[in-house]
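Subject: Structure handover

Hi,

Here is the structure I promised to pass on. Have a look at it first, and then read on for what turned up.

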Amino acid sequence: MQYRDYMLYLIDGTTLWVTEQQYKPAHKTLLGRFQTADPDTVLMVDDCVSGAICVPKRNILYIKAENIRKVE
């Protein structure tokens with residue numbers, strides 16, 4: 001299975017590292033949901049390493065796509 005790592009940079013200077021499955025429909029990925037969400041939406045990121053993380057969209061400064069990892 002392949003996973004994509006993301007770094008979420010928040011407006012308060014916090015950085016969150018999250019991981020999700022690589023092959024999902026575009027509208028179900030973190031970036032897809034971020035792009036279509038209203039500013040008042042709270043995004044729930046199902047991180048396969050640390051569980052679910054809830055972050056208000058307005059608190060996300062930007063998202064950086066990182067590595068793609070293959071996990072057997």
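Which backbone atom lies 2.9 Å from a polar atom of the side chain of Thr-29? In this predicted model, that atom is the backbone oxygen of Ala-26. The Thr-29 side chain also has a polar atom 3.1 Å from the backbone nitrogen of Gly-32. As for where this happens, Thr-29 is found in the loop between strand S2 (15-21) and helix H1 (30-36). With a relative accessible area of 13%, Thr-29 is buried. If you leave out residues up to four places away in sequence, Thr-29 touches Glu-20 and Lys-24.

**Glu-20 and its neighbours**

That brings us to Glu-20, which lies in strand S2. Is Glu-20 buried or exposed? Its relative accessibility is 5%, so Glu-20 counts as buried, the cut-off being under 20%. Two polar partners are worth pulling up in your viewer. The side chain of Glu-20 makes a polar contact with the side chain of Tyr-6 at 3.3 Å, and a polar atom of the Glu-20 side chain lies 3.1 Å from the backbone nitrogen of Leu-30. Setting aside residues up to four places away in sequence, the contacts of Glu-20 include Gln-2, Tyr-3, Arg-4 and Lys-28. In C-alpha terms, Glu-20 and Asp-5 are 6.7 Å apart in space and 15 residues apart in sequence.

Tyr-6 sits in strand S1 and counts as buried too, at 6% relative accessibility. Its contacts beyond four places in sequence include Leu-16, Trp-17 and Val-18, as well as Ile-63, Lys-64, Ala-65 and Glu-66. Tyr-6 and Asp-47 are 41 residues apart along the chain, and their C-alpha atoms are separated by 10.0 Å.

Gln-2 lies in strand S1 as well. At 27% relative accessibility, Gln-2 counts as partly exposed. The Gln-2 side chain makes a polar contact of 3.0 Å with the side chain of Tyr-23. Leaving aside neighbours within four places in sequence, Gln-2 is in contact with residues including Glu-20, Gln-21 and Gln-22, and also Ile-68, Arg-69 and Lys-70. For Gln-2 and Thr-15, the C-alpha atoms are 23 Å apart in space, with the two positions 13 residues apart in sequence numbering.

**The nonpolar core**

Which residues make up the largest nonpolar core? There are 12 in all: Tyr-6, Leu-8, Leu-10, Val-18, Leu-30, Phe-34, Ala-37, Leu-43, Val-45, Val-55, Ile-60 and Ile-63. At least two residues of this core come from each of S1, H1, strand S3 (42-47) and S5. S1 gives the most, with 3 residues. As background, nonpolar side chains in soluble globular proteins tend to be buried together.

S3 shows a neat pattern. Its side chains alternate: Leu-43, Val-45 and Asp-47 point to one face and are buried, while Val-42, Met-44 and Asp-46 point to the other and are not. In a regular strand, side chains alternate between the two faces of the sheet. S3 is joined by 6 bridges to strand S4 (residues 51-56), and the two run antiparallel. The bridge partner of Val-45 in S4 is Ile-53. Not counting residues up to four places away in sequence, Val-45 touches Val-18, Leu-30, Arg-33, Gly-51, Ala-52 and Ile-53.

**Rings**

How many aromatic pairs are there? The count comes to 1 aromatic pair. The rings of Tyr-9 and Tyr-62 have their centres 4.5 Å apart and their planes at 20 degrees, so the pair is stacked; the cut-off for that label is planes under 30 degrees apart. Tyr-9 lies in strand S1 (residues 2-10) and Tyr-62 in strand S5 (residues 60-70), so the pair ties together parts that are 53 residues apart in sequence. Both rings belong to partly exposed residues: Tyr-9 has a relative accessible area of 22%, and Tyr-62 is at 42% relative accessibility.

One last thing to look at is Phe-34. The charged end of Lys-57 sits over the Phe-34 ring, 5.0 Å from its centre.

Cheers

Terms used
Residues numbered from 1 in each chain as written. Predicted model: local features only at pLDDT ≥ 70, side-chain atom pairs only at ≥ 80, totals over all residues. Heavy atoms only, no water. Helix = DSSP H or I, 4+ residues; strand = E, 2+ residues; numbered from the N terminus. Buried < 20%, exposed > 50% of the residue type's maximum accessible area, 1.4 Å probe, protein only. Polar contact = N/O pair within 3.5 Å; in protein donor to acceptor, adjacent residues only side chain to side chain. Contact = heavy atoms within 4.5 Å. Phe/Tyr/Trp six-rings, centres within 6.5 Å; stacked < 30°, edge-to-face > 60°. Lys NZ or Arg CZ within 6 Å of the ring centre and 35° of its normal. Core = buried A, V, L, I, M, F, W, Y, C linked by side-chain atoms within 4.5 Å. Pairing = 2+ DSSP bridges.
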